[in-house]
Amino acid sequence: MRIRCPHCGERDNGEFSYLGDAAPRRPDGMEASAQAMHDYVYLRDNPAGTLRELWYHAAGCRSWLVVTRDTRTHAIEAVEPARDVARARSSGEAA
Amino acid sequence: MSDPATTRASSSQAFSSQASSSQAASSQAASSQAASSQASALLWRPRGAWEGATKPGRHGAPDGAAGVRLTLRDGFGLATLIAADGKDADLQAILAERFGLSLPEAGAAQIEGERGLIWSAPGQWLALAPSPHVLRDLPEALRGVAAVTDQSDSRALVRISGPQARAMLAKGVAVDLHPRAFGPGRAAVTSIAHIGVQLWQRDAGPTYEIAVARSFAGSFWGWLEHAAAEFGYEVEPGRV
């Protein structure tokens, strides 16, 4: 499997490390219920199909990336810098 | 539980007694300074990053001209530049005005002679200079715009050239170095034999340069000499 890093170009997946689902957002630990923290820490969907997930380009540009991958075929649909995804998400919230 | 006022008093006493004992120690140190500097001159000798691992001369396959030339570089200046958030344009302007250098885009290197900038990550570059001294003014010139960290002594640098240079690198580099995909002025951060490297191409010879963490110089050299052996290779020391 190869991942096309938006900064470095196409690279072998050995250069990356995997974190998992990019969707969960950490609740405010001072305010969230124990149940909400439990869900954030332990509960993940495991879809057979398209999943947006976090990868880290450890041996390259050391950037976090959001990779949209089909878990059945490993076909990669999109790779975006996680920074851009986070910024778009927080500007969406502000609007 | 001790009373906070007592704790403060006793700790300040401890501090002053420490201070007086260190005064006594410093006069003692002064008398033995001559002897210790003589000893350290024997113990602490500056040495190049490749020293110990490499041997100049012709190695590997003995027939014909060497296919690979490895030039060990020493005495160069290197520093990482990390642009402050949103200051890329300011950094670009200062580098152009003060140093005549332009910031290369992702995957590129801008090198003229022994000076240049090599892209290493978004908002991060490696500055290359003929000596560490040349980079001395950089932190002040870029104050508030970029973080500058001297790397002159923390990387080992080797220049790789010769007709078989690309064939040799292909054994360990998972980046396509074919001229249709890579060429002079291109740069990549990747790994070779599980060792993190930054590599860039200087000319179409082809001539490449690889920077590796200094503590990995010996391990990296182990890979290099095995990879180059079948082509026959020449090792030459080079100050710059």
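Modeller: Two residues are in contact if their C-beta atoms, placed from the backbone, lie within 7 Å. The model is predicted: local features need pLDDT of at least 70, side-chain atom pairs count only at pLDDT 80 or more, and totals for chains, interfaces and linings use all residues. Residues are numbered from 1 along each chain as its sequence is written, while chains are lettered from A and ligands numbered from 1 in the order written.

Biologist: How many residues does each chain bring to the contact?

Modeller: Chains A and B touch each other. The contact takes eleven residues from chain A and ten residues from chain B.

Biologist: Which strands of chain B are the edges of the sheet?

Modeller: Strands are DSSP runs of E, at least two residues, and helices runs of H or I, at least four, numbered from the N terminus. Seven strands of chain B form an open, mixed sheet in the order S1-S12-S2-S8-S11-S10-S9, where pairing takes at least two DSSP bridges. Those that pair on one side only are S1 (57-59) and S9 (187-192).

Biologist: Which residue of S11 in chain B stands opposite B:Gln198?

Modeller: In chain B, S10 (195-203) and S11 (207-213) pair in the antiparallel sense over six bridges. Opposite B:Gln198 stands B:Ala211.

Biologist: Which element gives the most to the largest nonpolar core?

Modeller: Such a core joins buried Ala, Val, Leu, Ile, Met, Phe, Trp, Tyr and Cys through C-beta atoms within 7 Å; buried means 20 or more other C-beta atoms within 10 Å. The largest has 65 residues, and B:Leu70, B:Ile118 and B:Ala127 touch the most other members. B:Leu70 touches residues including B:Val158 and B:Leu224. With six residues, the element that gives the most is helix H6 of chain B.

Definitions and conventions
A residue is buried if 20 or more other C-beta atoms lie within 10 Å of its own, exposed if 12 or fewer, and partly exposed in between; C-beta atoms are placed from the backbone. Lists of a residue's contacts leave out its neighbours within four places in sequence.
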